[in-house]
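Biologist: Could you take a close look at one part for me and walk me through what the coordinates say about it? I would enjoy one connected account.

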Amino acid sequence: MGRKLLLEHAQVEGIHTYEVYRKHGGYRSVEKALKTMTPDEVVEEVKKSGLRGRGGAGFPTGMKWSFLAKPEGVPRYLLCNADESEPGTFKDRYLMEKIPHLLIEGMITSSYALGANTSYIYIRGEYAWIVFVLERAIKEAYANGWLGKNILGTGYNLDLYVNCGAGAYICGEETALIESLEGKRGNPRIKPPFPAVKGLWQSPTVVNNVETIAAVVPIVNDGGDEYAKIGIGKSTGTKLISASGNINRPGVYEIELNVPVEEFIYSDQYCGGIKNGKRLKACVPGGSSVPILPHYLVCKTANGEDRLMTYESLADGGFASGSMLGSGGFIVYDEDQCIVRNTWNFSRFYAHESCGQCSPCREGTGWMEKVLHRLEHGHGKMSDIDLLADVAKKIEGNTICPLGDAAAWPVSAAIRHFREEFEWHVNEPVASQQRNYGLVKEPTAAV
Amino acid sequence: MPKVTIDGQTIEVPEGTTILTAARQIGGELVPPAMCYYSTLKGSGGKCRTCLVKVTKGSEKDPRPMPKLVASCQTMVMDGMEVASKANEEVTKARAGVVEFLLLNHPLDCPICDQAGECHLQDLAFEHGAASTRYEFERRTFEKIDIGPYIKLHMTRCILCYRCVYVANQLTEQRVHGVIGRGDHAEISTFIEKAIDNDFSGNVIDVCPVGALTDRTFRFKSRVWFLKPMDAHRNCPKCAGKAVVWMYGNEIFRVTARKDQYGEVHDFICNTCRFDTKSTSDWTIEGARQIDRHSVISQNHYDQGITVR
């Protein structure tokens with residue numbers, strides 16, 4: 001088992017309380033940063049660590065922080081994106097529920113690095129009980145002098161608020177999150193200007209995922225270089241993976257970014273293999289919006305190399321034969337699962353969650369959902385398959401925010417790798433209602 | 001001043017000009033169509049995606065092309081930028097895709113729609129659309145709603161361009177209408193069915209690119225191409241009083257604001273002028289209105305700015 005930086009003390013009794021958290025080395029990073037480092041030195045450590053955004057896009061955090069505009073006399077804001085709503089992803093929930101103080105500590109250190117005096121945690125509405133967990137922890141932090149005016153006598157002030165969303169997936173998009181936080185309808189803004197220049201209330205703003213902010217704590221404690229030693233290449237540090245699907249041990253795992261996918265699925269330390277001894281059919285490695293991989297591309301890349309749990313290795317082969325690490329929502333399908341049904345399910349989610357602002361996404365997601373519904377229920381036509389691929393292509397890249405891409409990718413990937421299963425649904429409408437297709441054949445002449 | 005080349009034609013424009021505005025200054029075929037952008041409404045644009053263009057060269061400093069198609073109404077020009085608009089196949093394909101999306105849930109009831117003849121969606125579909133649809137499902141429909149005594153909202157025809165929402169935000173004092181719902185079931189609505197009661201509310205009719213918002217004092221009275229548009233003005237205490245009166249014989253059938261060649265109003269008019277002043281004695285008629293838009297139906301009648309008499 002690899003090193004654990006975030007969830008090391010997750011199982012300690014009472015870790016959600018201030019006393020226990022502090023006893024296990026909590027808030028050391030705040031002491032170190034505020035007393036011995038300048039804000040720029042903290043940013044420098046994060047840059048050195050190679051930490052990449054854990055929310056899905058994998059953008060280097062240090063670089064994002066250095067883009068933040070710093071005009072005189074204008075407040076800056078740090079927002080924590082806890083609107084974790086991607087189907088298959090539940091890592092932030094675990095972290096906030098178990099060790100709320102880790103997020104708060106990360107927020108203080110990161111806010112100090114960015115020069116923000118007011119910070120917000122924007123949490124999804126469905127996590128209502130976690131709001132109470134966080135607010136209780138924030139109260140404790142205030143009571144012990146980690147938040148408020150003149151923290152640790154250094155003259156640094158910070159107020160931290162929790163803001164509860166109302167259940168829209170789109171509010172996890174950073175500009176929609178900002179709109180929602182301002183009290184408006186959660187429609188994504190048109191970029192540029194980027195939040196780093198004009199974000200919350202037209203002020204420079206950084207939006208980071210929960211796990212990214214939590215990872216700042218070990219980076220400041222042990223140094224960016226130490227953090228960068230973990231992992232391979234540009235995938236440094238540890239990552240929380242929320243594993244679900246037909247596996248023996250679903251749950252949240254903290255892995256070093258170098259574990260082979262095969263080990264992650266079959267090792268008893270992690271997923272513990274496929275449930276009931278079935279065979280692997282497919283895998284979605286990074287949450288519902290990343291391309292699905294067929295069984296023959298999960299553990300090996302198209303070149304026959306071992307696939308690793310890293311940003312690069314999972315994306316190896318581009319979208320033709322790869323996928324993405326995304327937000328770490330690792331969904332495993334056994335041979336009894338229906339890919340058409342799964343694609344329809346995802347598509348239904350995106351059609352429901354599209355904000356309706358721009359035409360391709362508003363109309364296209366609903367259209368794809370209807371066509372997939374028809375295919376799944378045995379009323380499909382052969383031309384539907386190409387139609388879906390074409391609609392997905394017309395949405396992709398033509399929308400305001402990435403939700404359009406997120407809706408298009410799973411559909412086009414499913415058709416790319418599982419076309420024979422879609423065709424079977426058309427040709428055998430009765431059989432496809434009674435049983436599942438099983439594994440797809442590996443294309444032999446494809447290489 | 002930055003120089004930008006669009007479809008091979010170069011123009012120099014002030015810093016901070018969008019590609020769309022630069023294209024409009026050149027004029028002609030290369031001007032991207034725009035369904036949601038409205039130059040006089042702050043914050044509009046970026047939503048319909050019909051004005052997508054390809055930036056083949058970012059700028060003189062950074063000549064890399066932009067990876068995706070961009071909305072020309074939102075993208076600022078850079079010095080040395082090269083843009084492909086109508087001449088590029090990728091662009092025309094994407095626009096055709098957007099037209100298809102816009103028409104998916106549009107009822108295509110042009111024969112009974114008051115907007116027909118001056119409808120931007122009609123023009124757009126005529127230019128970029130396909131003859132038949134690939135959509136085989138029931139279209140989204142809504143009940144027609146009266147918003148106030150003058151305006152009819154037929155949400156079924158709406159393409160959610162948000163222009164009327166910006167009018168409500170920027171021209172009228174109270175914000176009484178906006179978008180509710182999400183995705184393809186989102187709809188324009190007055191909050192809690194509250195009628196728009198404001199002197200400038202009628203402008204939502206003029207900014208609507210389709211027939212979703214229509215004039216209740218004009219509905220089903222006549223087809224627009226049977227009427228003679230005349231520039232006219234009157235002394236109005238509330239607005240500039242510059243309008244277009246649409247006449248049949250000596251009778252004024254309807255009053256609208258003056259739209260430019262891209263269908264945009266620069267002087268918004270008040271409801272008194274629009275709905276309550278329909279006698280020829282109220283107006284000083286200046287002469288025939290130049291309509292130089294190449295609309296589906298207008299092209300035979302209002303050809304080259306010569307107006308029917």
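Modeller: Happy to, and let me take chain A, beginning with its burial: buried residues make up 62% of its 447 residues. Please keep in mind that this is a predicted model.

The overall dimensions come next. For a chain of 447 residues, the rule for a compact globule gives a radius of gyration near 22 Å, and chain A has 22 Å, so the two agree. Along the principal axes, the C-alpha trace of chain A spans about 75 × 45 × 35 Å.

As for what fills that space, chain A holds 19 helices and twelve strands. Its contacts reach across the sequence: of those with a separation of 6 or more, 69% join residues 24 or more positions apart.

Turning to the surface, chain A exposes about 16500 Å², and carbon and sulfur atoms supply 51% of that area. On the charge side, chain A carries 48 positive and 53 negative charges, and the mean positions of the two sets are 2 Å apart.

Chain A also has a partner. Here 34 residues of chain A are in contact with 34 residues of chain B. The size of an interface is often given as the accessible area lost when the parts come together. For chain A and chain B that buried area is about 2800 Å², with 52% of it from carbon and sulfur atoms. If you want particular side chains to inspect there, try A:Arg362, A:Glu363 and A:Trp367: they supply 24% of the area that chain A buries against chain B, more than any other three residues.

Definitions and conventions. Residues numbered from 1 in each chain as written. Chains lettered and ligands numbered in written order. Predicted model: local features only at pLDDT ≥ 70, side-chain atom pairs only at ≥ 80, totals over all residues. Heavy atoms only, no water. Helix = DSSP H or I, 4+ residues; strand = E, 2+ residues; numbered from the N terminus. Rg over C-alpha atoms; globule rule 2.2 N^0.38 Å. Buried < 20%, exposed > 50% of the residue type's maximum accessible area, 1.4 Å probe, protein only. Contact = heavy atoms within 4.5 Å. Areas by Shrake-Rupley, 256 points an atom, 1.4 Å probe, with all protein chains shown as cover. Lys, Arg positive; Asp, Glu negative; His and termini not counted. Charge placed at Lys NZ, Arg CZ, Asp CG, Glu CD. Buried area = accessible area lost by both parts, 1.4 Å probe.
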